[in-house]
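Student: I should like to understand how the terms used for a ligand and its surroundings are justified. May we go through them one by one?

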Amino acid sequence: MIRLVYVSTCDQNVQLSDVQEILRVAETRNAEREISGMLCWSGEFFLQCLEGERGAVTQCFSQIAVDKRHHSVELIVSSPTTVRWFSTWGMGFTRLMSSNRVDLPNFAGGSFNPYLLEATDLQDTFARLSTQAQRLSFDTADQRRGNP
Ligand SMILES: Cc1cc2nc3c(=O)[nH]c(=O)nc-3n(C[C@H](O)[C@H](O)[C@H](O)COP(=O)(O)O)c2cc1C
């Protein structure tokens with residue numbers, strides 16, 4: 001198994017509905033390929049972790065890397081692992097907003113710039129993001145149902 005983490009800059013036209021569409025596809029595709037992970041979106045940047053068999057993760061990432069909804073894709077880490085950080089999700093989602101980004105370490109001045117992340121920061125960062133993920137995916141579900 002490998003764990004792959006990358007950062008990217010989202011296309012300026014991308015909105016929450018586009019990210020929901022990405023997640024909808026990712027949930028199905030990743031479950032089929034036994035990939036777990038988390039997608040984090042700040043409105044400006046993406047940070048994503050993908051875990052699974054090497055071939056499946058590599059194939060998934062090569063599709064993601066050429067996706068027009070983001071650019072400046074930079075790999076932070078791709079390394080062998082025996083333990084999944086995200087055993088229960090196809091693809092978790094955290095939307096970083098001003099209200100929750102302060103909980104994260106290593107973000108100078110409260111702004112989220114994942115290009116500054118070091119490989120050694122990742123486990124702690126994703127652990128903190130995971131605590132936000134459930135609540136925020138409820139928000140996403142509410143918006144799908146048309147609730148404010
Ligand atoms: C930031 C970002 C993250 C994505 N994450 C995934 C993912 O985890 N799994 C996935 O199958 N597709 C993901 N996609 C979508 C893929 O780029 C691609 O659209 C999808 O795999 C369908 O590709 P296809 O229509 O060429 O088969 C992501 C796209 C973006 C922009």
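Tutor: Let us begin with a definition: a molecule sits in a pocket if more than half of its atoms lie within 2 Å of the grid points of that pocket. A pocket is an open set of points on a 1 Å grid over the protein atoms alone, where protein lies on both sides within 12 Å along at least five of seven lines; its lining residues have an atom within 4 Å of a point. This is a predicted model, in which local features need pLDDT of at least 70 and side-chain atom pairs pLDDT 80 or more, whereas totals for chains, interfaces and linings use all residues. Residues are numbered from 1 along each chain, and side-chain values use heavy atoms, without hydrogens and water.

Student: Where does the ligand sit?

Tutor: The ligand sits in the largest pocket, whose volume, the space filled by probe spheres set on the grid points, is about 340 Å³. This pocket is lined by 16 residues, and I22, V25, I64, D67 and R69 are the closest to its centre.

Student: Which element gives the largest share of that lining?

Tutor: That element is α1, with five residues. A helix is a DSSP run of H or I with at least four residues, and a strand is a run of E with at least two, numbered from the N terminus.

Student: What makes the pair formed by D67 and the ligand a polar contact?

Tutor: A polar contact is a pair of N or O atoms within 3.5 Å. A polar side-chain atom of D67 lies 2.6 Å from an oxygen atom of the ligand, so this pair meets the limit. The corresponding distance is 3.2 Å for R69 and 3.4 Å for Q63, so these pairs are polar contacts as well.

Technical notes:
A polar contact is a pair of N or O atoms within 3.5 Å; within protein, one must be able to donate a hydrogen and the other to accept it, and residues adjacent in sequence count only if both atoms are side-chain atoms. On a 1 Å grid over the protein atoms alone, a cavity is a set of points where a 1.4 Å probe fits but cannot get out, and a pocket is an open set with protein on both sides within 12 Å along at least five of seven lines; lining residues have an atom within 4 Å of a point.
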